[in-house]
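Dear colleague,

I am passing a structure on to you, and below it I have set out what I found when I went through it. Could you read the notes with the coordinates open beside them?

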Amino acid sequence: MSDQAEQFTARCYCGALFLSMSGPADPVCYCHCKDCKRWTGAAAPAFATFDPTVVRWHPSEPEPFVTTTGVQRWTCQTCGSAMAARFDYLPDQVYVPLGVIDQIERLAPTLHCHAESRLAWLDESCKLPEHSGSGRDALMRGQD
């Protein structure tokens with residue numbers, strides 16, 4: 001086993017804001033709460049958790065915004081990508097959305113949080129027709 005910590009990088013959609021983190025990422029989880037859904041724009045947001053001492057912002061940490069007492073969230077000030085969140089009730093943890101992490105394939109979620117708010121149709125969506133690429137023909141017809 002290597003003594004070197006696993007390295008992760010993340011970037012916003014436009015590339016103006018980067019994060020670098022050294023592992024481990026623990027836990028990796030889905031969050032089904034309405035706040036995380038709305039903030040990320042995802043029906044099933046997923047996050048990797050890092051110790052705040054291993055998270056580095058490039059070029060610099062933007063100002064967080066607070067809409068819920070005790071919760072800080074950071075987004076790219078250029079493109080609006082969700083980049084990180086901290087919760088007072090979970091000290092010593094920074095949550096980074098999986099969608100912005102370059103090494104996402106190495107970060108399979110291991111638990112569901114706020115499971116009572118999970119969308120009922122999520123499990124059924126695995127049975128839907130699949131298309132390689134954009135699925136343009138099916139999208140233009142609105143069916144498979």
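In what follows, helices are DSSP runs of H or I with at least four residues, strands are runs of E with at least two, and both are numbered from the N terminus. Please keep in mind throughout that this is a predicted model.

Counted in this way, the protein has 2 helices and 9 strands, and their order along the sequence is β-β-β-α-β-β-β-β-β-β-α. The C-alpha trace spans about 50 × 40 × 35 Å along its principal axes, and of the 144 residues 35% are buried. If one takes the contacts with a separation of 6 or more, 58% of them are between residues 24 or more positions apart. The protein exposes about 9300 Å², of which carbon and sulfur atoms supply 51%. As for charge, there are 12 positive and 17 negative side chains, with the centres of the two sets 7 Å apart.

The loop between strand 2 and strand 3 (28–31) deserves a look, since two cis peptide bonds involve prolines placed there. One of these bonds joins glycine 23 to proline 24, with omega at about 5°, and the other joins aspartate 26 to proline 27, with omega at about 0°. Both proline 24 and proline 27 lie in that loop.

Turning to the interior, the largest nonpolar core holds 23 residues, and Phe50 and Ile101 are the ones that touch the most other members. Two or more residues of this core come from each of strand 1 (7–11), strand 2 (18–22), strand 4 (46–50), strand 5 (55–58), strand 7 (82–87) and strand 8 (94–97), with strand 4 giving the most, namely 3 residues. Leaving aside residues up to four places away in sequence, phenylalanine 50 touches, among others, Phe8, Met21, Val55, Val94, Val96 and Ile101; the list of its contacts also includes Pro24 and Asp92, two residues that appear elsewhere in these notes. Apart from this core lies another, of 11 residues, among them Cys29, Cys31, Trp39 and Tyr95.

Cysteine 31, one of the members of that other core, lies in strand 3 and has a relative accessible area of 8%, so it counts as buried. Its contacts, again without residues up to four places away in sequence, are Cys36, Pro45, Phe47, Cys113 and His114. Cysteine 31 and leucine 111 are 80 residues apart in sequence, while their C-alpha atoms lie 8.7 Å apart in space.

Which residues do ring pairs link into a cluster? They are Trp39, Phe47, Phe87, Tyr89 and Tyr95, and the count for the protein comes to 6 aromatic pairs. The rings of tryptophan 39 and phenylalanine 47 have centres 6.3 Å apart and planes at 5°, and because planes under 30 degrees apart count as stacked, this pair is a stacked one. Phenylalanine 87 and tyrosine 89 make a tilted pair instead, with 5.6 Å from centre to centre and 50° between the planes. Is each of these four residues buried or exposed? Tryptophan 39 is buried at 14% relative accessible area, as is phenylalanine 47 at 2%; in the tilted pair, phenylalanine 87 is buried at 11%, whereas tyrosine 89 is exposed at 57%.

Finally, two backbone positions may be worth checking by eye. Aspartate 92, in the loop between strand 7 and strand 8, has a phi near 65°, a positive value in a residue other than glycine; with a relative accessible area of 56%, aspartate 92 is exposed, and it is also one of the residues that phenylalanine 50 touches. Histidine 114 likewise is not a glycine and has a positive phi, of about 50°. This histidine 114 is found in the loop between strand 9 (111–113) and helix 2 (136–141), is partly exposed with a relative accessible area of 37%, and is among the residues touched by cysteine 31.

With best regards

Notes. Residues are numbered from 1 along each chain as its sequence is written. This is a predicted model: local features need pLDDT of at least 70, side-chain atom pairs count only at pLDDT 80 or more; totals for chains, interfaces and linings use all residues. Side-chain values use heavy atoms; hydrogens and water are left out. Rings of Phe, Tyr and Trp (its six-membered ring) pair if their centres lie within 6.5 Å; planes under 30 degrees apart count as stacked, over 60 as edge-to-face and the rest as tilted. Buried means under 20% relative accessible area, exposed over 50%, partly exposed in between (1.4 Å probe, protein chains only). Contact means heavy atoms within 4.5 Å. Accessible areas come from the Shrake-Rupley method with a 1.4 Å probe; for residues, only the protein chains shown count as cover. Lys and Arg count as positive and Asp and Glu as negative; His and the chain ends are not counted. The place of a charge is taken as NZ of Lys, CZ of Arg, CG of Asp or CD of Glu. A nonpolar core is a set of buried Ala, Val, Leu, Ile, Met, Phe, Trp, Tyr and Cys residues joined through side-chain atoms within 4.5 Å.
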